[in-house]
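Pull up the model and give it a slow spin before reading on. We'll start with the whole chain and then zoom in on a few spots.

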Amino acid sequence: LTEPTGTTFLNLLDPVQFSEAEVLKGPSGSIFGAGNGGVILFRSFPLLSPVEGESTSVQPEKKWTQTQWKQQVEAGAYGRRIAHSRFLTESKDVQVGLNWANSSLDGYREQSAMNRSIMELSVRRRDASAKHQVSSHMMHSQLDYEIPGGLNLSQFQENPRQARPGNRFVQGSVESNAGILHDAILGGIHWDWVMDSHWSQKVSIFGQASEFENPFNLDYKIDQRISGGMRGIWTWENQSSGPDITWSPGFELHQASYAARNYGNLGGLVDTLNFDDQIQVDQRLFFSSLEWQLSAKTRVHISQSFNALSYDITRLAAAFGYGPTGSISRDFSLQWIPRVGLNYEFSPNASTYLSFARGFSPPTLEEIRTNEGSVNKGLEAELGTNIEWGFRGYLWDQQWFVDASFFYFWLKEAI
């Protein structure tokens with residue numbers, strides 16, 4: 001979902017489509033890409049049920065199928081309506097899941113309605129030996145929401161539900177039809193391969209294409225975005241003899257091409273062209289992670305990643321006052337991002353951890369290239385450092401689960 005520019009359109013997703021989410025906070029998520037905030041894994045459907053016995057041996061033939069069908073309808077204040085259908089069928093080695101959801105809202109204020117529709121398909125297939133598993137996923141999301149704009153104190157006191165009014169210089173939010181129209185298709189294929197008793201491999205190919213329109217009080221923005229990439233990770237485990245070590249090197253390559261145009265807004269319709277940009281983005285990530293089980297209760301985790309990002313912006317056309325035409329390149333050099341963690345288990349149900357991590361977060365495309373046409377070449381990548389100590393576990397006869405942490409985070413070159 002995250003583009004190589006660092007932009008993540010979470011509003012393309014509907015919360016009702018997910019069965020679970022995993023959160024890795026702060027710079028410790030650096031092996032999954034550049035960023036200081038962390039990483040989230042959303043899962044719409046469960047993984048395939050585990051097979052019995054050793055995963056590398058051929059399993060006896062089993063014929064069984066389970067099918068689930070879920071319907072959900074909700075209604076609430078201010079025209080809130082949600083409809084959701086979920087279908088899941090699974091046999092021993094095959095799973096097919098389908099999600100459809102529609103959410104709409106009239107809104108409390110004028111010009112604040114929203115409508116979002118998503119369709120999601122997930123297919124998983126595992127061979128009889130359980131050494132190979134292929135997963136594919138595709139989602140289409142169509143989002144349309146209005147933007148009411150801000151009010152000053154006198155406008156709020158007059159009518160808190162009104163949209164931002166216009167004046168002799170700027171259109172109001174209703175007149176300009178301020179809002180977002182975003183139509184996106186996302187897809188990916190993932191291959192898991194257990195090579196032998198020590199080595200395994202995970203390879204993913206992914207991509208997305210979208211059309212983005214943003215009529216606003218001052219202008220009208222239209223983007224066509226295409227991005228795609230590949231990620232590979234290889235894992236070596238030594239658990240049979242010698243030290244209990246797991247080593248995982250890998251890489252991710254992610255590229256994007258955008259046609260980004262900015263027009264005038266005349267009563268909510270596209271007016272004359274302000275500027276037309278062609279944008280190329282190239283992101284490269286290389287990482288390595290080492291986990292060492294020092295004893296039955298103590299585990300050490302050491303990882304590092306190298307991140308690099310480059311923008312190439314070519315201004316094909318520009319009206320008067322929107323700068324010259326031509327090309328601008330901005331490279332963010334290779335950054336070394338380390339992480340060290342120590343985990344100690346008091347019992348199977350309680351543990352404590354200590355970690356040190358750095359994060360690298362380059363400016364997003366919207367921060368480099370602004371809506372008014374300027375290009376901020378002087379922006380540097382944010383560099384964050386986090387030290388954290390925490391405790392997780394069940395207490396008082398497993399009646400309470402506690403997840404507590406203390407951290408100190410500092411950021412350089414904040415944007």
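What follows is a walk through this chain, from overall layout to single residues.

First things first: this is a predicted model. The chain has 17 strands and 2 helices, so expect to see a lot of arrows in your viewer, because runs of E in DSSP are what count as strands here. Taken along the principal axes, the C-alpha atoms fill a box of roughly 80 × 50 × 45 Å. Of the 415 residues in the chain, 40% are buried. About 22,300 Å² of the chain is exposed, and 59% of that area comes from carbon and sulfur atoms. How do the contacts spread along the sequence? If you take those between residues at least 6 apart in sequence, 62% join residues at least 24 apart.

Now for some strand pairing. Find β4 (residues 80–90) and β5, which run antiparallel and are joined by 10 bridges. These two form a hairpin, with 3 residues between them. To see one rung of that ladder, look at Thr89, whose bridge partner in β5 is Val96. On to the next pairing: β5 and β6 (residues 114–126) are also antiparallel, over 12 bridges. Here Ser103 stands opposite Arg116 in β6.

One step along the sequence is Ser104, in strand β5, which spans residues 94–105. Is Ser104 buried or exposed? Its relative accessible area is 8%, so Ser104 is buried. Setting aside residues up to four places away in sequence, Ser104 touches Gly79, Arg80, Arg81, Met114 and Asn115. As background for reading any of these strands, side chains in a regular strand alternate between the two faces of the sheet.

The loops around here have a couple of backbone oddities worth a click. Tyr78 sits in the loop between β3 (66–76) and β4. Although Tyr78 is not a glycine, its phi is positive, about 55 degrees. Tyr78 is partly exposed, at 45% relative accessible area. The other case is Ala130, in the loop between β6 and β7 (132–146). Phi of Ala130 is near 65 degrees, again a positive value in a residue other than glycine. With a relative accessibility of 14%, Ala130 counts as buried, because the cut-off for buried is under 20%.

Let's head inside. In soluble globular proteins, nonpolar side chains tend to be buried together. The largest nonpolar core in this model has 15 residues, and those with the most contacts inside it are Tyr258, Ile279, Val281, Tyr311, Phe332 and Phe360. Which elements give two or more residues to this core? They are β11 (244–266), β12 (269–293), β13 (298–318), β14 and α2 (365–368). Apart from this core lies another, of 9 residues, among them Met139, Leu143, Ile180 and Phe212.

Back in the 15-residue core, Ile279 is a good residue to centre on. Not counting residues up to four places away in sequence, Ile279 touches Ala256, Ser257, Tyr258, Ala260, Asp312, Ile313, Leu365 and Arg369.

Another buried spot is Gly232, in strand β10 (residues 220–238). Its relative accessibility is 0%, so Gly232 counts as buried. What covers this part of the chain can be explored through its contacts: leaving aside neighbours within four places in sequence, Gly232 is in contact with Lys202, Val203, Pro249, Gly250, Phe251 and Phe287. Gly232 and Gln201 are 31 residues apart in sequence, yet their C-alpha atoms are 7.5 Å apart in space.

Finally, come back out to the surface. A nonpolar patch of about 1,100 Å² is made there by Trp247, Leu290, Ile302, Val340, Leu342, Leu354, Phe356, Ile387, Trp389, Phe406, Tyr408 and Trp410. Two or more of these residues come from each of β14 (326–347), β15 (350–361), β16 (382–395) and β17 (400–412). Of the contributing elements, β17 gives the most to the patch, with 3 residues. For a single example, take Leu354, which is in strand β15. Leu354 is partly exposed, with a relative accessible area of 45%. That value fits its place in the patch, because patch residues need over 30% relative accessible area.

Definitions and conventions:
Residues numbered from 1 in each chain as written. Predicted model: local features only at pLDDT ≥ 70, side-chain atom pairs only at ≥ 80, totals over all residues. Heavy atoms only, no water. Patch = residues over 30% accessible without salt bridge, like charges linked within 9 Å, V, L, I, M, F, W, Y side chains within 5 Å. Areas by Shrake-Rupley, 256 points an atom, 1.4 Å probe, with all protein chains shown as cover. Salt bridge = Lys/Arg side-chain N within 4 Å of Asp/Glu carboxyl O. Helix = DSSP H or I, 4+ residues; strand = E, 2+ residues; numbered from the N terminus. Buried < 20%, exposed > 50% of the residue type's maximum accessible area, 1.4 Å probe, protein only. Contact = heavy atoms within 4.5 Å. Pairing = 2+ DSSP bridges. Core = buried A, V, L, I, M, F, W, Y, C linked by side-chain atoms within 4.5 Å.
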